[in-house]
Amino acid sequence: MTSVLLVGVSVLVILIFLYCGLYAVPSADDYAYANAVLNGDFWQAQADIYKSWSGRYTATFLITAVGKFLLEQYWIVPWTSILLLIFSSYVCFWTIFFHLRSKDYFYTFPITFIALFMSSSIAGHGVSVINEGFFWLAGAATYQVGAALYFFAVSAFIWMARGKYRLICSILSVLFISLAIGSNETLMLLSVCTFSALSWYYRKQLNSSVLLILGLTIACCCVVFFAPGNNVRSATANGKDLFSALGICIEKTVQQYTYLLINPLLWLFVIYYNKLISELLDEIRVHFSQRQFCICLIILVYGLYFPVAWALNSGAPDRLVSFIGFLGMVASVFFVKLLIDKVTRKLSIKAVSAIALLLLIILFSTIYEPLKVSLLTLSEGPEFHMSHTKRNNYIKQMAHEGASSVGVDKIERNKLLLFNDLDSENHSFAYAKYHGLESVFIVQE
């Protein structure tokens, strides 16, 4: 009964975010990428962006494809990113821990975890992590869809190494690896480490396939890393300071884990799934000692912050934190489990649960801002979407009548549904160009 209730609540939380996604609207770079393909050759636009801005060929393709064909159906963005994360997480979890699939709560674990992740603030970042990571096209295509492709790649590679459906899994592995690497530089680095480690671990089973996968990985990395547009993009940043980047990574790793480890719902989650998590740890200990495993988890988050710290000399933007935070929360499940094992030597599990419930009530507004904002958006979303629809219709009408510059009223930003409105010259110009105007500006009250 408890399990049914927990799954029901988890599904309800996911459905709330999906419902809110029906009212999401484009913003910021969405229009700039759409403009690149609306009035020109689609494939030429891919080459132009590669040469002038970014080597992220997968993300560029997805953003421009949606911009050209589906920008008016923007709900597809949050729905795709959320559902892909759920499905890919299930596939990866089922693959890695296949031998435990008959254990209690095995199939409810991922959906409950994802509901917890989407409800929680990460590393001090609140609803903006979910906003930029799932509800904004440029962020979702670059990071969350990329994360799903990575999870699929890991799953296909492991099944290939196990000798199951080797041909189809080899094809899928090659496909997903190449697409994941083309999503962003952080996934590029993670893919190199992951598939190098997996290739070494399964070297006896894979034989020549090791060279094929590693060769493909290196080739895709070169396509991303040596893109001419990277020089243009990096010229806008103040990075390339190694010691500063290393220091930033330490700061952000500590911040990430500290914030996750004080999340009371995460403690309650681990308490509920205590037996299953113990079995997961037992499976992991077959390959790693507990100390080695913990060190790997710390290095994981540290390494994921490094590309952006090196490039920008700053912490990760919220859209990247959505990906790093997901893996960080996965790691924190095991850290919290180890902490609970130590704490319960002096306190009963009921006492720990009671303390966690009390903290949950006290810290709700701070730690669970995404869930709080999504609940508010249930009532605010339709009006918010209608306001943007009316603005777009008005602008289209004015463009049809021959206007070149149009003033519009300010629409209050919804933290979950909108990344940026017309708050900068570049964004307002791209928005105006998309609608056939020279400029659109906010009328000052």
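Rings of Phe, Tyr and Trp (its six-membered ring) pair if their centres lie within 6.5 Å; planes under 30 degrees apart count as stacked, over 60 as edge-to-face and the rest as tilted. Keep that rule at hand for the first exercise. The model you see above is predicted.

**Exercise 1. Aromatic pairs**

Task: find how many aromatic pairs the structure holds, then classify the pair Phe42 and Phe69.

Solution.
- Step 1. The count of aromatic pairs in the structure is 38.
- Step 2. For Phe42 and Phe69, the ring centres are 6.5 Å apart and the planes make an angle of 40°, so this pair is tilted.
- Step 3. Now place the two partners: Phe42 belongs to helix α3 (residues 42-52) and Phe69 to helix α4 (residues 57-69), and the pair links distant parts of the chain, 27 residues apart.
- Step 4. Check the accessibility of each. Phe42 has a relative accessible area of 11%, so Phe42 is buried. Phe69 reaches 60% and therefore counts as exposed.
- Step 5. Try another pair, Phe364 and Tyr368: with 5.7 Å centre to centre and 40° between the planes, this one is tilted. Phe364 is partly exposed because its relative accessible area is 29%, and Tyr368 is buried because its value is 0%.

**Exercise 2. Salt bridges across the sequence**

Task: state how many salt bridges a search of the whole structure finds, and work through the one between Lys103 and Glu279.

Solution.
- Step 1. The search of the whole structure gives seven salt bridges.
- Step 2. In the bridge of Lys103 with Glu279, the closest N and O atoms are 3.8 Å apart.
- Step 3. Lys103 lies in the loop between α5 (76-96) and α6 (109-119), while Glu279 lies in helix α16 (residues 274-285); they are 176 residues apart, and the pair links distant parts of the chain.
- Step 4. Buried means under 20% relative accessible area. Glu279, at 17%, is therefore buried, whereas Lys103, at 34%, is partly exposed.

**Exercise 3. Bridges that reach helix α20**

Task: describe where the partners lie in the salt bridges Lys415 with Glu369 and Asp421 with Arg391.

Solution.
- Step 1. Lys415 and Glu369 meet through their side chains at 3.6 Å, N to O.
- Step 2. Lys415 is in the loop between β1 (405-408) and α21 (425-434) and Glu369 is in helix α20 (residues 369-400), so the bridge ties together parts 46 residues apart in sequence.
- Step 3. Lys415 is partly exposed at 47%, and Glu369 counts as buried at 19%.
- Step 4. Asp421 and Arg391 have their closest N and O atoms 3.0 Å apart.
- Step 5. Asp421 sits in the loop between β1 and α21 and Arg391 in helix α20, so this pair ties together parts 30 residues apart in sequence. Both Asp421 and Arg391 are buried.

**Exercise 4. The cavity**

Task: how many cavities of 30 Å³ or more are counted, and which residues lie nearest the centre of the largest cavity?

Solution.
- Step 1. A general idea helps here: rolling a probe the size of a water molecule over the atoms shows where empty space is left.
- Step 2. The count is one cavity of 30 Å³ or more.
- Step 3. The volume of the largest cavity is about 100 Å³.
- Step 4. Its lining has 13 residues, and those nearest the centre are Pro26, Tyr31, His388, Asp421 and Tyr431.
- Step 5. Helices α20 and α21 each supply at least two lining residues, and α20 gives the most, with three.
- Step 6. Link this back to Exercise 3: Asp421, one of the residues nearest the centre of the cavity, also forms the salt bridge with Arg391.

**Exercise 5. Two residues and their contacts**

Task: decide whether Thr217 and Tyr305 are buried or exposed, and list what each touches beyond its neighbours within four places in sequence.

Solution.
- Step 1. Thr217, found in helix α12 (residues 208-225), has a relative accessibility of 3% and so counts as buried.
- Step 2. Beyond those neighbours, Thr217 is in contact with Ile177, Ile181, Ser191, Val192 and Phe195.
- Step 3. Tyr305 lies in helix α17 (residues 290-312) and is buried because its relative accessible area is 2%.
- Step 4. Contacts of Tyr305 outside its neighbours in sequence include Ala123, Cys249, Lys252 and Thr253. Gln256, Ala316, Val321 and Ile324 are also among them.

How values were computed: Residues numbered from 1 in each chain as written. Predicted model: local features only at pLDDT ≥ 70, side-chain atom pairs only at ≥ 80, totals over all residues. Heavy atoms only, no water. Helix = DSSP H or I, 4+ residues; strand = E, 2+ residues; numbered from the N terminus. Buried < 20%, exposed > 50% of the residue type's maximum accessible area, 1.4 Å probe, protein only. Contact = heavy atoms within 4.5 Å. Salt bridge = Lys/Arg side-chain N within 4 Å of Asp/Glu carboxyl O. 1 Å grid on protein atoms, 1.4 Å probe; cavity = no way out; pocket = protein on both sides within 12 Å on 5 of 7 lines; lining within 4 Å. Points joined across faces, edges and corners; volume = space filled by probe spheres on them.
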